[in-house]
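Work through these exercises with the sequence and the 3D view side by side. Try each task before you read its solution.

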Amino acid sequence: MSGAGVFTSVASQASSVFSGAAKGVGVQNAEPQAATPFSGMLKTMVEQTNELDRKASETVTGLLNGKGVEIHDAMIATQKADMAFELSLQVRNKAVAAYQQMMGMQF
């Protein structure tokens with residue numbers, strides 16, 4: 001598989017995981033991504049990561065203020081946000097590596 005193919009595959013899987021995480025379900029409900037441009041997929045992934053981070057912050061704030069948030073809910077929300085961020089970081093690293101590989105090609 002070529003570098004671009006691997007990158008496309010990783011981006012597709014990342015989008016599936018983010019759509020499942022944002023809905024609060026597992027990866028099994030991944031929908032097929034038909035004709036979505038890569039930039040749109042990447043934008044959606046960043047937006048979903050920000051949303052998960054916002055939800056985690058709200059949950060932790062609710063826990064610390066004693067607003068009836070259970071500690072396990074706060075832990076789950078922070079872990080989801082952490083996993084989304086780590087996945088975004090890995091997709092970014094793959095994009096940078098693919099860019100550097102293309103820039104190093106001899107024509």
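**Exercise 1.** Does M103 count as buried or exposed, and why?

*Solution.* Start with the ground rules. This is a predicted model, where local features need pLDDT of at least 70, side-chain atom pairs count only at pLDDT 80 or more, and totals for chains, interfaces and linings use all residues. Residues are numbered from 1 along each chain as its sequence is written, and side-chain values use heavy atoms, with hydrogens and water left out.
Next, take the cut-offs: buried means under 20% relative accessible area, exposed over 50%, and partly exposed in between (1.4 Å probe, protein chains only).
M103 has 55% relative accessibility, so M103 counts as exposed. Its place is in helix α3.

**Exercise 2.** State the secondary structure of the protein and its pattern along the sequence.

*Solution.* Helices (H or I, at least four residues) and strands (E, at least two) are DSSP runs, numbered from the N terminus. The protein has three helices and zero strands. Its pattern is α-α-α.

**Exercise 3.** Check the lengths of α2 and α3.

*Solution.* The expected span is 1.5 Å times one less than the number of residues.
Step one: α2 has 27 residues, so it should span 39 Å; its end C-alpha atoms are 39 Å apart, which agrees.
Step two: α3 (residues 71–103) has 33 residues, so it should span 48 Å; its end C-alpha atoms are 48 Å apart, which agrees.
Just after α2, G66 takes a positive phi of about 70°.

**Exercise 4.** Find the largest nonpolar core and say which helices supply it.

*Solution.* First, list buried residues. In α3 they include A74, A77, A81 and A84. In α2 they include L52 and A56.
Second, apply the core rule: buried Ala, Val, Leu, Ile, Met, Phe, Trp, Tyr and Cys residues joined through side-chain atoms within 4.5 Å.
The largest such core has five residues: L52, A56, A77, A81 and A84. Both α2 (38–64) and α3 supply at least two of them. The largest share, three residues, comes from α3.
Third, look at one member. Leaving out residues up to four places away in sequence, A81 touches L52, D53 and A56; contact means heavy atoms within 4.5 Å.

**Exercise 5.** How much of the whole protein is buried?

*Solution.* Of its 107 residues, 22% count as buried. Now turn to contacts between residues at least 6 apart in sequence: 67% of them join residues at least 24 apart.
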